[in-house]
Amino acid sequence: MDSVRYDGERRGNRVPIALKILVAGGFGAGKTTLVSALSEVRPLQTEEILTGAGIDTDDLSGVETKTTTTVAMDFGRITINDDLQLYLFGTPGQDRFWFLWDELAFGALGAVVLADTRRLADCFPSIDYFERRGVPFVVGVNCFDDARRFSLGQVRRALDLDPDVPMMLCDARDRQSGKTVLISLVEHVARHRGQPVPVA
Ligand SMILES: Nc1nc2c(ncn2[C@@H]2O[C@H](COP(=O)(O)OP(=O)(O)OP(=O)(O)O)[C@@H](O)[C@H]2O)c(=O)[nH]1
Ligand SMILES: [Mg+2]
């Protein structure tokens, strides 16, 4: 993470380092929204229509207007600075797609876990997944308009997060807000690895 690759000595063109980041969290927490807001390339999405077939499993409380769900992954890319690009992989939010997680997480440097305070417990499995595997992560509390406001301390206690896990409020629809979350993750990963922070 502390070096920049060169595109052949002869030309000397700097090639930014590309790091893989996961965007995780519960069903409807805003993962696809965040990847889309951040991506500078047209995001790859795998949305399928929510149908009556999922009525017993898909808890739409709070996201009643949601009509689609991610069935494989989201993909996007963002350039943080001349030396660093992040490749963003949004996970599917529903339990029935857990079988995809190990492949999606392979080689990931870190993760953003999106939390929705109306359904906080939905992000427990993501947090558990990254804690068990030692993957550094940050928690973005996605502020939905009609959600009751809690302090970050309250949410941290409810999630039983380690004190060193960065946590912040965010708006998944807002590119600058999402970028702040990503930068906090990159800084956290660098600290975790005892390396210089690559974000200028
Ligand atoms: N008000 C508000 N709505 C949001 C925000 N983030 C997402 N939404 C809306 O919430 C709904 C769910 O967003 P998605 O991005 O599809 O959520 P997801 O986590 O990808 O959902 P799954 O892939 O099905 O788990 C969409 O209708 C979004 O427009 C937010 O920050 N504020
Ligand atoms: Mg999604």
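User: What makes up the contacts in this chain with a separation of 6 or more?

Analyst: In this predicted model, residues 24 or more positions apart account for 69% of those contacts. To count as a contact, heavy atoms have to be within 4.5 Å.

User: How do you know whether the chain agrees with a compact globule?

Analyst: Set its radius of gyration against the globule rule. For 200 residues a compact globule would come out near 16 Å, and the chain has 17 Å, so the two agree. Along its principal axes, the C-alpha trace spans about 60 × 35 × 30 Å.

User: And what share of the residues is buried?

Analyst: That's 47% of the 200 residues, where buried means under 20% relative accessible area. As for the surface, the chain exposes about 10,400 Å², with carbon and sulfur atoms supplying 51% of that.

User: Why is Val 135 called buried?

Analyst: Its relative accessible area is 17%. The cut-off for buried is under 20%, so Val 135 falls on the buried side. You'll find Val 135 in the loop between helix H3 (124–133) and strand E9 (137–142).

User: What is Val 135 in contact with, leaving aside neighbours within four places in sequence?

Analyst: Leu 109, Gly 110, Ala 111 and Phe 130. Gly 26 is another residue to look at: 109 residues from Val 135 in sequence, and 18 Å away in space, C-alpha to C-alpha.

User: Why is Asp 160 called exposed?

Analyst: Exposed takes over 50% relative accessible area, and Asp 160 has 64%, so the label fits. Asp 160 is also in a loop, this one between helix H4 (152–159) and strand E10 (167–170).

User: What is there to say about phi of Asp 160?

Analyst: Phi is near 55 degrees there, a positive value in a residue other than glycine.

User: Which atoms are the protein donors of the magnesium ion (ligand 2), and what makes them donors?

Analyst: They're OG1 of Thr 32 and OG1 of Thr 70, lying 2.0 to 2.1 Å from the ion. A donor here is an N, O or S atom within 2.8 Å of the metal, so both oxygens qualify. Water is not among the atoms, so the site may look incomplete.

User: What does the pair tie together?

Analyst: Thr 32 lies in helix H1 (residues 31–38) and Thr 70 in strand E5 (residues 68–70), so the pair joins parts that are 38 residues apart in sequence. Both threonines are buried.

User: How many helices and strands does the chain come to?

Analyst: Five helices and ten strands.

Technical notes
Residues numbered from 1 in each chain as written. Chains lettered and ligands numbered in written order. Predicted model: local features only at pLDDT ≥ 70, side-chain atom pairs only at ≥ 80, totals over all residues. Heavy atoms only, no water. Donors = N, O, S within 2.8 Å, 3.2 Å for Na, K, Ca; no water. Helix = DSSP H or I, 4+ residues; strand = E, 2+ residues; numbered from the N terminus. Buried < 20%, exposed > 50% of the residue type's maximum accessible area, 1.4 Å probe, protein only. Rg over C-alpha atoms; globule rule 2.2 N^0.38 Å. Areas by Shrake-Rupley, 256 points an atom, 1.4 Å probe, with all protein chains shown as cover.
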